[in-house]
Amino acid sequence: MDILKKYFPFSFKATNVKSLIINILIYLVIGIIAGVIIGIVALIPIVNILCGILGGIVDLYCIVGIILAILDYFKLLK
């Protein structure tokens, strides 16, 4: 569990519904900003494939972070 807390620091701070929503919004903003930056860089033809892979990794990170935040809020993680 300590490894998850190291890589997903915002997921384990939700104490009420307001903080849970803020944590989810943080992950969504991270995903949107990274998507815009990756989309701009992806216009370079050689870097296009790497940007696709990086975009998938960032999306996966955001989805896992949101899921961990929800599971931690409902005390399903120990």
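Guide: Two residues are taken to be in contact when heavy atoms of theirs lie within 4.5 Å. The structure discussed here is a predicted model.

Visitor: Which residues does Ile 24 touch, not counting residues up to four places away in sequence?

Guide: Ile 24 lies in helix 2. Ile 24 also belongs to the helix 2 residues that meet helix 3, whose contributing residues include Ile 66 and Ile 70. With residues up to four places away in sequence set aside, the residues that Ile 24 touches are Ile 66 and Ile 70.

Visitor: How many Å apart are the end C-alpha atoms of helix 2?

Guide: Helix 2 covers residues 17-41, which is 25 residues. At 1.5 Å a residue, a span of 36 Å is expected. The model agrees with this, because the end C-alpha atoms of helix 2 are separated by 36 Å.

Visitor: How far does helix 3 reach from its first C-alpha to its last?

Guide: Helix 3 comprises 26 residues. The expectation at 1.5 Å a residue is 38 Å. The reach from the first C-alpha of helix 3 to its last is close to that expectation, at 38 Å.

Visitor: Is helix 2 roughly parallel or roughly antiparallel to helix 3?

Guide: The axes of helix 2 and helix 3 are 10 Å apart, and the packing angle is about 180 degrees. Angles over 145 degrees count as roughly antiparallel. Helix 2 is therefore, with respect to helix 3, roughly antiparallel.

Visitor: How many residues of the contact of helix 2 with helix 3 are charged?

Guide: On the helix 2 side, the residues that meet helix 3 include Val 17, Leu 20, Tyr 27 and Ile 38. On the helix 3 side, Leu 54, Val 58, Tyr 61 and Ala 69 are among them. The contact of helix 2 with helix 3 divides into 18 nonpolar residues and three polar ones, and the number of charged residues is zero.

Visitor: What do the buried residues of helix 3 pack against?

Guide: Among the buried residues of helix 3 are Gly 55, Gly 65, Leu 68 and Asp 72. For helix 2, the cover over its buried residues includes helix 3. The buried residues of helix 3 in turn pack against helix 1 and helix 2.

Visitor: Is Asn 23 buried or exposed?

Guide: Asn 23 has its place in helix 2. Leaving aside neighbours within four places in sequence, Asn 23 is in contact with Phe 10, Lys 13 and Ala 14. Buried means under 20% relative accessible area. Because its relative accessibility is 6%, Asn 23 counts as buried.

Visitor: To how many disulfides does the count come?

Guide: A disulfide is a covalent bond between the sulfur atoms of two cysteines. The cut-off for counting one is a sulfur pair within 2.5 Å. The closest cysteine sulfur to that of Cys 51 belongs to Cys 62 and is 16 Å away, so it is too far for a bond. By this rule, the number of disulfides is zero.

Visitor: What is the relative accessible area of Cys 62?

Guide: Cys 62 appears among the buried residues of helix 3, as does Cys 51. For Cys 51, the relative accessible area is 6%. Cys 62 is buried with a relative accessible area of 7%.

Visitor: By how many Å are the C-alpha atoms of Lys 5 and Ile 26 separated?

Guide: Lys 5 is found in helix 1, and its relative accessible area of 44% makes Lys 5 partly exposed. Along the chain, Lys 5 and Ile 26 are 21 residues apart. The separation of the C-alpha atoms of Lys 5 and Ile 26 is 16 Å.

Terms used:
Residues numbered from 1 in each chain as written. Predicted model: local features only at pLDDT ≥ 70, side-chain atom pairs only at ≥ 80, totals over all residues. Heavy atoms only, no water. Helix = DSSP H or I, 4+ residues; strand = E, 2+ residues; numbered from the N terminus. Expected span 1.5 Å × (residues − 1). Buried < 20%, exposed > 50% of the residue type's maximum accessible area, 1.4 Å probe, protein only. Axes fitted to C-alpha atoms, helices over the stretch in contact; angles between N-to-C directions. Parallel < 35°, antiparallel > 145°, perpendicular 65-115°, else oblique. Nonpolar A, V, L, I, M, F, W, Y, C, P; charged D, E, K, R; others polar.
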